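Work through the exercises below with the structure in view. Each has a task and a solution in steps.

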Amino acid sequence: MYPQQVHSYLQTFFRENNCQILSDNNHYITVQLTIDMDKKIMNRPYYWKYLESTNGVPCPAQLTFITNQNKLEKDIKGEVVHFGSPRLNQLFQATKELGAFVQMYEKVVDKFESRPFLTPWLGVNYKVSYYSDQTKEILHSFGINLMTGNVVEDFQESLREVDFGSVMSENVFHLPYIIKPIRALERLDSVIENIIQHDDHTWAEEANRRWQRDLEVLEHFYVGIENRPECYEMEKKALKEQYESRIKIEIISGGIFYLK
Amino acid sequence: MIIERSSEWKEGFIKRLENLEPWSNWSLYNMSYEVEKNNLITEFRGLQSPKYLPALTPLSHQLEVAETVIERMNGKAILADEVGLGKTIEAGLILKEYLIRGLVKKALILAPASLINQWIEELNYKFYIPAIAYKKSYSLDHYDVVVMSMDTAKKSPHRELIYAQDYDMIIIDEAHKLKNHKTKIYEFVQSLKKKFCLLLTATPIQNDVFELFYLISLLKPGHLGNFETFQTSFSASKHSLEHDEYLRELVNQVMVRNRRQDTGIEWTNRKVQIVPIHFTPEEKEVYDMILELKNVSPVFSGAFSMITLQKEMCSSKEATYLTLNKMRQNCVEADEAEFVEQIIQKLMALETNSKAEKAYEIVSEANDKVIIFTEYRASQAYLQWYLNSKGITSVLFNGQFNKNKREWMKRLFKEQAQVLIATESGGEGINLQFCHHVINYDLPWNPMKLEQRIGRVHRLGQEHDVHIYNLAIHDTIEEDILHLLNMKIDVFEKVVGELDDILSAFKKSI
């Protein structure tokens, strides 16, 4: 992420979370946090506990973030934020928490159609991580039609061009779902497992080979010793933790979508 | 295969379906997906960490080390770059990479007490890794990345507290302190679980090849076989290495070492010379009388005390006097005490110190900042007095100085004094790139100590050629030391790799 991308990320993040932007230059931004945002990112629970128990006047923080220090013309005091900085990671985490569940309705503009109707879909974004002594991650985005059970891939990308609203429009007919969202979720869970099963797992075999080789080396050290010391078991355990392959499936976000 | 899944999202989703909690905002939903996509680790190989560290520009050899250790050595390695090439940066890159990839959650860094603050600063400010220095009152449960001194770690109750944690990565700085497998610290590290582990040392061999065996056996027991097989194949005699090539290859599987000249950075030259010195007849007489001592009294029959006395006599009469005087008290027979008394009288009557004169000569010719390393406190004090009498200002430096005093002395040296006189223990943890003359007034037994000393000035940031003067008095024990140093350097080079010049520009073959 370049400084400019970080900057627009901050703009959108605070705007969408109703934090007032007090001043905005290309290379720094000053925001007034809301009470909720202060509690989320300022890490001062005792202040808020104190305030609430004494009925004091809340005074959420004002923050200045510098997104490109090299281009500052004046002497600005503030926190330097860049890709990799702890603050940005914290905001990424907050974004993840605040953007995990949606219910959206496609906007219908066609006035000639007598009774436009929208079909319910469940969309789920999965992150699959492969771990051994190395890591690899893959994103999968699926949508499942809650009327037909039809599953499509790259669902998130297909929503890019769609204009959504967050409330039902009056004169549009919303089909009720036949498949319950939770059942649909279970279907998608098995789809993802199936994909994982058919994926290329050479990585796991290779990690296993590295593991076996290191085990042989370890055995070599203790060859001929009958009562092996505690650190032998410790080494074996460490090798297991180092090389054992495991897969993590995580849902990062998802929701109900009513689409034409 | 283990598949881990979490029902966290599902539970949150059910709450929304039942209208117990509000749905999220569409922009944040999209932003969140974009962030995930941006931060995705799409490949098993390659380094993710540099893109998270825009403020840090690692040198190419540092990036290469990080990649090699992760991809070829599976995260267990000895980082053995020459002094001053940035082993801390390499370790930081590797740790950061594993943190980003989610393979390391908790890490323990063991370092000499004098380097703890430097580690904390580098990890926090260069790598954004929230590391803390261990304090007795802290609970290790609450801190993921902790820096601790080896001396603290090996003692109760800290040792047990560390064992109770589940560290994914152990980093040990100045790992040559683990060369002796009979020490408490070795035992401590041996019993520690080492999933990923980095041992940092510029000097993996200091005296003999067994030190390397024990170091590697900590990291990867069995890699060099067990002790018996290693002993039979690699050490018929200590210094003759039969399977040099083979051993070297095994070592290279777990060790990365960059030399200054491999880094592609332009290094200033290192001009090393041995400066031979001749005793005055009076000095020589005292030296020879000291040699006689072992024939005169059983008090002096121990090899160790004799060697000490000879070395001290090559350094200064002040250093010699302290030891000699102490030993005189152990003499029982009157004639023995008499002989020692004679030596002391002759010693105290000496008016010249040939070596100190030579040192003064070098200092005044250099007409620049100079560091003098000596092994003895008494010689250190004497040299300061002697140089002062010649109108040369100097400051003293000892390893026992705390951080403030070190910084203060360094500043005094930089801004006011011409000479810094350091004892052996002052060798680690100070960087003095503004100086480019080093006098090894006394020679240590261990060539790596010389390398550590030179490394104080010949490191990244040095802009001038560096001059090293190794003083050795002709026809004394110092010539034996030179010979032994050469042999040890030879062992190091056969197993570990070439060394930059330490003793002199002309290598002796043995």
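**Exercise 1. Find how far apart the centres of domain 2 and domain 3 of chain A lie, and describe the contact between these domains.**

Step 1. In this predicted model, the C-alpha centres of domain 2 of chain A and domain 3 of chain A are 44 Å apart.

Step 2. To the contact, domain 2 of chain A gives 7 residues and domain 3 of chain A gives 9 residues.

Step 3. Locate both domains on the chain. Domain 2 of chain A covers 102-201 + 248-259, and domain 3 of chain A covers 202-244. Chain A also has domain 1, at 3-98.

**Exercise 2. State how much area domain 2 and domain 3 of chain A bury between them, and which residues of domain 2 lose the most.**

Step 1. The two domains of chain A, 2 and 3, bury about 700 Å² between them. Carbon and sulfur atoms hold 44% of that area.

Step 2. On the side of domain 2 of chain A, the residues that lose the most area to domain 3 of chain A are Ser132(A), Asp133(A) and His201(A). Together they make up 67% of what that side buries.

**Exercise 3. Count the salt bridges and polar contacts between domain 2 and domain 3 of chain A.**

Step 1. There is 1 salt bridge between domain 2 of chain A and domain 3 of chain A.

Step 2. A salt bridge joins the side chains of Arg210(A) and Asp133(A), at 2.8 Å from N to O. The cut-off for such a pair is 4 Å, so this distance qualifies.

Step 3. Between domain 2 of chain A and domain 3 of chain A, 6 residue pairs are in polar contact, both residues at pLDDT 80 or more.

Step 4. Sorted by class, the side of domain 2 of chain A that touches domain 3 of chain A has 2 nonpolar, 3 polar and 2 charged residues.

**Exercise 4. Compare the radius of gyration of chain A with that of a compact globule of 260 residues.**

Step 1. For a compact globule of 260 residues the value would be near 18 Å.

Step 2. Chain A has 26 Å instead.

Step 3. Along the principal axes, the C-alpha atoms of chain A fill a box of roughly 85 × 60 × 45 Å.

**Exercise 5. Locate the cis peptide bond between Ser156(B) and Pro157(B), and two residues with positive phi, Asp154(A) and Asn367(B).**

Step 1. The bond from Ser156(B) to Pro157(B) is cis, with omega near 0°. Pro157(B) sits in the loop between α7 (150-153) and α8 (158-164) of chain B.

Step 2. Asp154(A), not a glycine, has phi near 50°. Its loop runs between β8 (151-153) and α5 (155-158) of chain A.

Step 3. Phi of Asn367(B) is likewise positive, near 50°. Asn367(B) lies in the loop between α17 (354-366) and β10 (370-374) of chain B.

Technical notes:
Residues are numbered from 1 along each chain as its sequence is written. Chains are lettered from A and ligands numbered from 1 in the order in which they are written. This is a predicted model: local features need pLDDT of at least 70, side-chain atom pairs count only at pLDDT 80 or more; totals for chains, interfaces and linings use all residues. Side-chain values use heavy atoms; hydrogens and water are left out. Domain bounds come from an automatic or database domain assignment. Contact means heavy atoms within 4.5 Å. Buried area is the accessible area (1.4 Å probe) that two parts lose on being put together, summed over both. A polar contact is a pair of N or O atoms within 3.5 Å; within protein, one must be able to donate a hydrogen and the other to accept it, and residues adjacent in sequence count only if both atoms are side-chain atoms. Ala, Val, Leu, Ile, Met, Phe, Trp, Tyr, Cys and Pro count as nonpolar, Asp, Glu, Lys and Arg as charged, and the others, Gly among them, as polar. The radius of gyration is taken over C-alpha atoms; the globule rule is 2.2 Å times the number of residues to the power 0.38. Helices (H or I, at least four residues) and strands (E, at least two) are DSSP runs, numbered from the N terminus.
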